[in-house]
Amino acid sequence: MRQERAGCEAVGRGWRLGYAGALLGLESARSNFGAASAYSTRFFDLVRDVATRTSDSSLQGTLQELLTSRDKITSGLAKQDPEVLSEIQILVAKVHAGAAR
């Protein structure tokens, strides 16, 4: 029963991670930098949370890689720099590629 619950919780966290990434991508594509910034914060906080909860070293590595783009994306959104969209698109693609595994 505990393993089933843990598995369901992991799936839920993965779903929330993908959803937050998609919203970040959508709002940044709309040049809605305020909303994109809020979703960015939510997304990266969730990435950090999932990384600390998982015992899968491969997943931890992938999540740590995602976190390396946090400062660049946060800075770009704060400056309302449309060039940050390409970084966000790469990030979202990595999230969805990881979810497909």
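Which residue's side chain does E87 meet in a salt bridge? The partner is K72, at 3.3 Å from N to O. This is a predicted model.

**A link between helices**

The E87 and K72 pair connects distant parts of the chain. E87 sits in helix α5, residues 84–99, and K72 sits in helix α4, residues 70–78. The two are 15 residues apart. E87 is partly exposed, because its relative accessible area is 21% and the buried class ends under 20%. K72 is exposed, at 52%.

**Salt bridges**

Side chains of opposite charge can pair when their charged atoms come close. The structure contains 6 salt bridges. Three of them are tabulated here, with N to O distances.

| Salt bridge | Distance, N to O |
|---|---|
| R30 and E27 | 3.4 Å |
| D45 and R48 | 3.2 Å |
| E87 and K72 | 3.3 Å |

Take R30 and E27 next. Their side chains meet in a salt bridge. R30 is exposed, with a relative accessible area of 55%. E27 has a relative accessibility of 10%, so it counts as buried. This salt bridge therefore pairs an exposed residue with a buried one.

E27 also gives a distance to helix α2. The C-alpha atoms of E27 and A38 are separated by 9.8 Å. Along the chain, these two residues are 11 apart. A38 lies in helix α2. Its relative accessibility is 46%, so A38 counts as partly exposed.

**The D45, R48 and R70 network**

D45 and R48 both lie in helix α2, which covers residues 33–53. They are 3 residues apart, so about one helical turn separates them. Their side chains form a salt bridge at 3.2 Å, N to O. D45 is partly exposed, at a relative accessible area of 35%. R48 is partly exposed too, at 41%.

What joins the side chains of R70 and D45? A polar contact of 3.0 Å does. R70 belongs to helix α4. At 18% relative accessibility, R70 counts as buried, because that value is under the 20% cut-off.

The wider picture starts from the E87 and K72 bridge, which ties helix α5 to helix α4. Elsewhere, salt bridges with shared partners join D45, R48 and R70 into one network.

**How α2 and α4 pack**

Are α2 and α4 roughly parallel or roughly antiparallel to each other? The two helices pack at an angle of about 165°. Angles over 145 degrees count as roughly antiparallel, and α2 and α4 are therefore roughly antiparallel. Their axes lie 9 Å apart. The crossing is left-handed. D45 in α2 and R70 in α4 belong to this helix pair, and their side chains share the polar contact of 3.0 Å.

**Helix α3**

Helix α3 covers residues 57–67. Which of its residues are buried? They are L63, L66 and L67. Viewed down the axis of α3, these buried residues fall within an arc of 100°, so they line one face of the helix.

The start of α3 shows a contact from side chain to backbone. A side-chain oxygen of D56 comes to within 2.9 Å of the backbone nitrogen of S58.

Note on methods
Residues are numbered from 1 along each chain as its sequence is written. This is a predicted model: local features need pLDDT of at least 70, side-chain atom pairs count only at pLDDT 80 or more; totals for chains, interfaces and linings use all residues. Side-chain values use heavy atoms; hydrogens and water are left out. A salt bridge is a side-chain nitrogen of Lys or Arg within 4 Å of a carboxyl oxygen of Asp or Glu. Buried means under 20% relative accessible area, exposed over 50%, partly exposed in between (1.4 Å probe, protein chains only). Helices (H or I, at least four residues) and strands (E, at least two) are DSSP runs, numbered from the N terminus. The arc is that of the directions from the helix axis to the C-beta atoms. A polar contact is a pair of N or O atoms within 3.5 Å; within protein, one must be able to donate a hydrogen and the other to accept it, and residues adjacent in sequence count only if both atoms are side-chain atoms. Axes are lines fitted to C-alpha atoms, for helices over the stretch in contact, and angles run from 0 to 180 degrees between N-to-C directions. Angles under 35 degrees count as roughly parallel, over 145 as roughly antiparallel, 65 to 115 as roughly perpendicular and the rest as oblique. A crossing is left-handed if the near helix is turned anticlockwise from the far one by less than a right angle, and right-handed if clockwise.
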